[in-house]
Amino acid sequence: MEIITFIAKKLLWLIPTFFGITVISFTVMHLAPGEPMALQANFNPKMTPEMRERLRRAYGLDKPLYVQYARWLKGLVTFDLGRSFSPDRRPVWDKIKERLPVTLLINCLSMLLIIVVSVPLGVAAAVRHNSPFDHITTVLVYLGYAAPSFWLALLAMILFGIKLEWLPISGLHSLMGYSSMSTMEKVMDWARHLVLPVTVSAVGGLAGLSRYMKSSMLEVLRQDYILTARAKGLPENRVIYKHALRNALLPLITILGLSVPGLIGGSVIFESLFAIPGVGQLMWSSVMARDYPVLMGNLVIVAVLTLLGNLLADIGYALADPRVRKGIEGEQ
Amino acid sequence: MKGLLTSALIALIFLLLALNEQCLHAGTGPDYGDTIIVGSIGDASILIPMLATDATSHEIAGLIFNGLVKYDGDLNLVGDLAKGWEISEDGLVITFHLRRGVKWGDGVEFTSADCLFGFNLITDPKTPTAYAGDFKEVEKAEAPDPYTFRVRYKEPFAPALSSWGNLVVLPKHILEGKDITKTDFGRHPVGLGPYRLKEWKTQERIVLEFNPTYFEGRPYLDRYVMRIIPDPATMFLELKSGGLDWMGLNPIQYKRQTNTRFFRENFKKYRYLSFSYTYLGYNLRDPLFKDRRVRQAISYAIDKEEIVRGVLLGLGVPATGPYKPDAWYYNPNVRRYPYDPERARALLKEAGWADHDGDGWLDKAGRRFTFTVITNQGNALRDRTAQIIQWRLKQVGIEMKIRTIEWTAFINDFIDKRRFQAVILGWTLGQDPDIYDIWHSSKTGPKELNFIGYKNPEVDRLLIEGRHTFDREKRKRIYWRIQEILAEDQPYTFLYVPMSLPIIHKRFRGIEPAPAGISYNFIRWWVPKNEQKYIMP
């Protein structure tokens, strides 16, 4: 019961936060110099001043900012994000929708890869604290973190794509003959195309999570109950993986919760490098073109996901950690 | 004996090879088939020519739609959907005679009603087009019969003819009564050009397939695929791995990175002057640059050959005026400004600038000669150009500072508000010599293109005359004179005309570089059957 009021309270808080975010984004966005027509109109000799005014009116940019915001908000309430200001005038949701799946797929795979590699790595480093293994892995993951990802990506493309010819360089699937492939072949084709982008984007994330895991594990290993477990004569494996790991994983929930918005955020650099039609590129081009509706649409989705991620992390904590649950009950 | 046999064998092989070559070239003419895969940095936005403002959209739409007229390889206007046209004595009325039997993708015949529809659409205040300007000069447009289209102008307007390209021909039977901003026609266009849109995956690829009933005969290549690869480095790697047939190179790639055996065996590089030039423009409202001698001196102090060598690796030519040197209206005899620092110093001295206090910088009335040049962020060529100029000007005692600014802010806060002393920018040129919008003194208002504030009564008069003259020889004389005046006045220091540097797979035949570039005869490119790479089921 307590947990339900806890969630309801959290949910209620989300509403003002959300509107605060949209107001701030909307204002800041309009503070940037330039207008949406800039790209179409600037330096185009055929563009007459009347045309420019006409476009401004068509986009509703002649109205005061609060009117524009109210109009946008009205659309949002009916789940209408408006139409893009770019020449195609497509609905914003259509533009985002066609890009979301790819970005989600790549980011989830990359997240998964990061977890699968860094959790064991962190645990191993904690157990062998200050051993050569610990030092070497530390250096390696930090190298991965420090190396510019676009550089790593290009090196990987040259090695695997051109020198060894093992993997395709860019794109999501083969250009020719894709439609005549069987489902299995299609999956394999996608997999081959995704190896490089997923791996390279995961490399930079290893350092953070594995170091976090390690320190959390070290912390837990110092606890009295670990001593107790060892004193009971439990095998070391059981002590580490049953007693220590479960507790050390708790902070991971927060990190995972916080990385939910990152899952749709996409990365401009990666998407550009690997020619992947994802959300990051859309966001970037809409910023450059001052395409306000697309930009706001993206921000709304990121904002909602960030808030949801936080909420999920809170709930996850409450479910996983009896101390937090107790805390809630204590408040009552 | 053995030696003889070997040489006989070698001779035989050569003979066979030669025969093979013969077969290739003397065959039954061009073959049909194969696909060309083109790399592009940006995706198209919308495939309705009058609504599109980016190069990629126009490139694709240009293969799907045709206009009444088009430019041939030598930049002559020739008929396209119009078989021919007449211009009345007074230059006010143009009558187009249209081809018969041209069909839209859905089988409906193209008629003058489609031209009239397109014209009405582009001049409709509700249509968000950036190209209405040229059509505002039209007094009346009419379609007296299905194969005649007539336009009457308020006054003679020489660029008029060229404006009847593919902006205004749209299928009336599909679009009539629809809101053009809300239809999905721009994503699924129905055209009458050499290719039809088959597939468009946003930010991934655009696939075009040949139009079997194209009125000039079907194009040889079955398919045109544009792959969108935003990163130039990736695009080059894709080319290297065989995933692309055609991309534009930058000077370093052209000069240094494509000389390997792989490239020699598989690709052919082309180069031709691009339709653009880069310049150093002075804000003529700034007291520093009011004096023509100062501007001339700066032009003498800059070594343009050196910039072409250093920045373009020689793949370009120094500019002498606002046109590219292989255009018919280019005047090769204008005053030139070869690198001559002595002359620069002398001119500056005449204008009162000398190093009076001996600190190495020129000064006048106690003030040092210093100014800031601005340019847009993200253009490495312009950055480098600015640095070379900075170094050269320092040698004559002028201090130049460089500032780079993000494009939108650059235009909005600096160019439009006239808050600049000098700029390094470039202009893309059209095929018509009309440059009224850039140089006429009436175009100095806010957001207008004569942002440097150039005013010369003779140029004003000539620009208007040039717009009203249809005769090519007369027009040539007008624009030659304008180039002479601009060369004297140096409102810009014209820096260079870069080259376009496409690289194309060797199997494509029929590519003939011309002043218009290479793509003007794209539908006549072909691949011999035995070399075709993408065989379709």
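This report covers the largest nonpolar core, the contact of chain B with chain A, and one helix pair across that contact in a predicted model.

**Core.** The largest nonpolar core holds 189 residues, and B:Ile122 and B:Tyr224 touch the most other members. Helix α9 of chain A, residues 183–221, gives the most to this core, with 13 residues. Apart from its neighbours within four places in sequence, B:Ile122 has contacts with B:Met50, B:Thr127, B:Thr129, B:Tyr131, B:Ala132, B:Phe135, B:Leu167 and B:Val168.

**Chain contact.** Chain B puts 44 residues into the contact and chain A puts in 40 residues. On the side of chain B that touches chain A, the elements giving two or more residues are β10 (223–228), α6 (232–240) and α14 (407–415) of chain B.

**Helix pair.** Helix α8 of chain A (residues 149–163) packs with α6(B) at an angle of about 10 degrees, and the axes are 11 Å apart. Angles under 35 degrees count as roughly parallel, so α8(A) is roughly parallel to α6(B). From α8(A), the residues A:Leu154, A:Met157, A:Ile158, A:Gly161 and A:Ile162 meet B:Ala233, B:Thr234, B:Leu237 and B:Lys240 of α6(B).

The table gives residue classes for the chain B side and for the helix pair.

| Region | Nonpolar | Polar | Charged |
|---|---|---|---|
| Side of chain B that touches chain A | 20 residues | 12 residues | 12 residues |
| Contact of α8(A) with α6(B) | 6 residues | 2 residues | 1 residue |

Definitions and conventions. Residues numbered from 1 in each chain as written. Chains lettered and ligands numbered in written order. Predicted model: local features only at pLDDT ≥ 70, side-chain atom pairs only at ≥ 80, totals over all residues. Core = buried A, V, L, I, M, F, W, Y, C linked by C-beta atoms within 7 Å. Buried ≥ 20, exposed ≤ 12 C-beta atoms within 10 Å, placed from the backbone. Helix = DSSP H or I, 4+ residues; strand = E, 2+ residues; numbered from the N terminus. Contact = placed C-beta atoms within 7 Å. Nonpolar A, V, L, I, M, F, W, Y, C, P; charged D, E, K, R; others polar. Axes fitted to C-alpha atoms, helices over the stretch in contact; angles between N-to-C directions. Parallel < 35°, antiparallel > 145°, perpendicular 65-115°, else oblique.
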